[in-house]
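Please open the model in a viewer and keep the sequence panel visible. The tour proceeds by selections, each followed by a description of what is found there.

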Amino acid sequence: MKKILFIAVLCLTAVLSASAQSVEFTLTADGTFHMKDGRNYAIVPFEGKSAHAIYSALFVNAGEVYKDPKQKVIITIDGSSVGIRAFDPKLTYKEENVYLGGYYELNFEVKDGKVKVAAPVVDEILTRQKDGVRDKDFTKLVRSWYQETSLQAKYQDNKFYTEQEFNSFINGVLTGNFMGDSSDNW
């Protein structure tokens, strides 16, 4: 029975991976994330899938993305929501080879046929990866990349890196392809 259930979840994950759209949040000058249309959430359709099937697949995918069993990062409301609170030591960077880490939250709400992905929320306190010393608050750091409302050219890579970091976590949970080909990863 366990084998049948495991195979069913794997098949469901593959089906969800094929039907999921990519989510791309953009980091704004005030340190928050938004979609290109200004919304602080994205709706991802999963045509013909029940809320329970989507929830199960998201839970399995989140377990793949966040593999460390000592860290309890996944918070669920059975059948309707998968939340993640985690620490990333390389969340962003200030200058070359000075990575900053911090806690962040992701939330996925599930309904029949769709998932609402809330914009990532980053805790203000950032610490340097090298020595663990507290650094700038996240919002202040991001604001320092901008001159009025324009991103300074020298900080474009910082912004892009931070966006990619979050979007890869989110899309990994949505599609289950966070680590690439996992055919021999068992």
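Begin by selecting glutamate 163 together with its surroundings: apart from residues up to four places away in sequence, glutamate 163 touches Phe25, Thr26, Leu27 and Phe33. This residue belongs to helix H4. Is glutamate 163 buried or exposed? Its relative accessibility is 10%, and because buried means under 20%, glutamate 163 counts as buried.

Before the next selection, display the whole protein chain as a cartoon. The model is a predicted one. Its secondary structure comprises four helices and 11 strands. Of the 186 residues in the chain, 40% are buried. If contacts are taken between residues at least 6 apart in sequence, 60% of them join residues at least 24 apart.

**Helices H2 and H4**

Keep helix H4, residues 156-175, and add helix H2, residues 51-65. Two packed helices are described by the angle between their axes and the distance between the axes. Here the axes come within 7 Å and cross at roughly 135 degrees. H2 and H4 are therefore oblique to each other, since angles over 145 degrees would be needed to count as roughly antiparallel. The crossing of H2 and H4 is right-handed. Show the side chains at the contact: H2 contributes Leu58, Asn61, Ala62 and Val65, while H4 contributes Phe169, Gly172, Val173, Leu174 and Thr175. Sorted by class, the contact of H2 with H4 has six nonpolar residues, three polar residues and no charged ones.

**Strand E7 and its partners**

Now select strand E7, residues 114-118, with side chains displayed. In a regular strand the side chains alternate between the two faces of the sheet. In E7, Val115 and Val117 point to one face and are buried. Lys114, Lys116 and Ala118 point to the other face and are not buried.

Which strands pair with E7? One partner is E3, residues 41-45, which pairs with E7 in the antiparallel sense over five bridges. Within E3, centre the view on valine 44, which stands opposite valine 115 of E7. Strand E6, residues 98-111, also runs antiparallel to E7, and four bridges join them. Phenylalanine 108 has valine 117 in E7 as its bridge partner. Then move to the hairpin of E6 and E7, where two residues lie between the strands. Glycine 113 takes a positive phi there, near 80 degrees.

**Glutamate 148**

A further positive phi is found at glutamate 148. Most residues other than glycine have a negative phi. Glutamate 148, although not a glycine, has a positive phi near 60 degrees. Select the loop between strand E10 (146-147) and strand E11 (150-151) to find glutamate 148. Its relative accessible area is 78%, so glutamate 148 is exposed.

**Arginine 134**

For the last stop, select the loop between strand E9 (127-128) and helix H3 (138-144), which holds arginine 134. Arginine 134 has a relative accessible area of 47% and is therefore partly exposed. Leaving aside neighbours within four places in sequence, arginine 134 is in contact with Ile125, Leu126, Thr127 and Arg128. Finally, draw a distance from the C-alpha atom of arginine 134 to that of glycine 101: the separation is 9.5 Å, for residues 33 apart along the chain.

How values were computed:
Residues are numbered from 1 along each chain as its sequence is written. This is a predicted model: local features need pLDDT of at least 70, side-chain atom pairs count only at pLDDT 80 or more; totals for chains, interfaces and linings use all residues. Side-chain values use heavy atoms; hydrogens and water are left out. Buried means under 20% relative accessible area, exposed over 50%, partly exposed in between (1.4 Å probe, protein chains only). Two strands pair if DSSP finds at least two bridges between them. Axes are lines fitted to C-alpha atoms, for helices over the stretch in contact, and angles run from 0 to 180 degrees between N-to-C directions. Angles under 35 degrees count as roughly parallel, over 145 as roughly antiparallel, 65 to 115 as roughly perpendicular and the rest as oblique. A crossing is left-handed if the near helix is turned anticlockwise from the far one by less than a right angle, and right-handed if clockwise. Contact means heavy atoms within 4.5 Å. Ala, Val, Leu, Ile, Met, Phe, Trp, Tyr, Cys and Pro count as nonpolar, Asp, Glu, Lys and Arg as charged, and the others, Gly among them, as polar.
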